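Trainee: Could we go through this structure together, one question at a time?

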Amino acid sequence: CHYIKFLITVTYIYQWFCHFLKGVFPGLKFFFQLLYFFFVFIIFTCIIKYDEYKEKVYNMIIFLADNTILKTKLLKEMFYADFLFYKENCKSITGLEYCKLPFGPVPDGFEVILSKGYQEDIIDYESVITPSKEYYEITSKKKFNKDLFTNEELEVLDKVKKYFKNYNAKEIVDYSHKEKAFIDTNKCEKLSYDYSFDIDLK
């Protein structure tokens, strides 16, 4: 984890400063002790928040992929769930960032997210090959933990899932291409959550 590596680095720097200040500026040692423990507190707070959001990310996937879903469709539904919730609450459900790819908005680092979900036995992530194309199917293997979500978050997840229930992958891709967030953003760049206020699932 990047936070752990950062903590180790801070610890080494702190120890070096304590050794250096011991004979030069002994009065500053207490100040650096306070600064060090402040950094430790911030890092552990970030770790706790990271674990919380990680659980939410995978439980969102579990919810949306309970009956097997194409990867392309799943990633679009995640986008709509996070952006729609942001529109109503000025924060997203998962804390993920999204970027523009040719097939529409996707979570930044989605391949890592899905691969880890497969490795940790949270989802099935299978390639399906036909004579004309190759696509990926995702099926949840864990039970959805609704206790991680507020009632408002659950309502948005349910709304998105029902709204796109009868959409196939191409249809939801075409739908997402009409969003201002997609139109105004350059390829591979991150989508601003400010565009969430333009989204309207009627």
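What follows is a set of questions and answers on confidence, strands, charged pairs and backbone angles.

Trainee: What is the mean pLDDT of the protein chain?

Mentor: This is a predicted model, so confidence comes first. Of the residues in the chain, 74% reach a pLDDT of 70 or more. Over residues 43-50 the pLDDT is below 50, and this stretch has eight contacts in the model beyond near neighbours in sequence. For the protein chain the mean pLDDT is 84.

Trainee: Which strands stand at the edges of the open sheet?

Mentor: Three strands form this open sheet, with antiparallel pairing, in the order 1-5-4. Each edge strand has a single partner strand, so one side of it is left without a neighbour in the sheet. The edge strands are strand 1 (69-70) and strand 4 (123-129).

Trainee: In strand 5, which residue is the bridge partner of Tyr 125?

Mentor: Strand 4 and strand 5 (residues 134-140) run antiparallel and are joined by seven bridges. In strand 5, Tyr 125 has as its bridge partner Ile 138.

Trainee: How many residues lie between strand 2 and strand 3 in their hairpin?

Mentor: Strand 2 runs antiparallel to strand 3 (residues 104-107), with four bridges joining them. One of the pairings is between Tyr 98 and Pro 107 in strand 3. In the hairpin formed by strand 2 and strand 3, the number of residues between them is two.

Trainee: How many salt bridges does a search of the whole structure find?

Mentor: Side chains of opposite charge can pair when their charged atoms come close. The cut-off here is a nitrogen-to-oxygen distance within 4 Å. On that basis, the search of the whole structure finds a total of 11.

Trainee: How many residues apart in sequence are the parts tied together by Glu 97 and Lys 190?

Mentor: The side chains of Glu 97 and Lys 190 form a salt bridge at 2.8 Å, N to O. Glu 97 is in the loop between helix 3 (71-89) and strand 2 (98-101), whereas Lys 190 is in the segment after helix 7 (180-183). Glu 97 is partly exposed at 42% relative accessible area, and Lys 190 is partly exposed at 45%. The pair therefore ties together parts whose separation in sequence is 93 residues.

Trainee: Which residue is linked with Glu 97 and Lys 190 in a network of salt bridges?

Mentor: Glu 97 and Lys 190 are already paired by their side chains. The network of salt bridges links them with Asp 108.

Trainee: Is Lys 162 buried or exposed?

Mentor: Lys 162 forms a salt bridge with Asp 158 at 3.0 Å, N to O. The two are four residues apart in helix 5 (residues 151-163), so about one helical turn separates them. Asp 158 is partly exposed, at 29% relative accessible area. Lys 162, at 58% relative accessibility, counts as exposed.

Trainee: How far apart are the closest N and O atoms of Asp 184 and Lys 180?

Mentor: Asp 184 is partly exposed, with a relative accessible area of 37%, and Lys 180 is partly exposed at 41%. These residues form a salt bridge, and the distance between their closest N and O atoms is 2.6 Å.

Trainee: With which side chain does the side chain of Glu 179 make a polar contact?

Mentor: Glu 179 sits in the loop between helix 6 (169-176) and helix 7. Glu 179 is buried and has no salt bridge, the nearest side chain of opposite charge being Lys 87 at 8.8 Å. Beyond neighbours within four places in sequence, Glu 179 is in contact with Tyr 80, Asp 198 and Ile 199. The polar contact, at 2.8 Å, is with the side chain of Tyr 80.

Trainee: What is the phi of Cys 90 near?

Mentor: Most residues other than glycine have a negative phi. Cys 90 lies in the loop between helix 3 and strand 2 and counts as exposed at 54% relative accessibility. Its phi is positive, near 60 degrees.

Trainee: What is the phi of Cys 188 near?

Mentor: Cys 188 lies in the segment after helix 7 and counts as exposed at 53% relative accessibility. Leaving out residues up to four places away in sequence, Cys 188 touches Cys 99, Lys 100 and Leu 101. The C-alpha atoms of Cys 188 and Asp 108 are 9.4 Å apart, with 80 residues separating the two along the chain. The phi of Cys 188 is positive, near 75 degrees.

Methods: Residues numbered from 1 in each chain as written. Heavy atoms only, no water. Buried < 20%, exposed > 50% of the residue type's maximum accessible area, 1.4 Å probe, protein only. Contact = heavy atoms within 4.5 Å. pLDDT = per-residue confidence, 0-100. Pairing = 2+ DSSP bridges. Lys, Arg positive; Asp, Glu negative; His and termini not counted. Polar contact = N/O pair within 3.5 Å; in protein donor to acceptor, adjacent residues only side chain to side chain.
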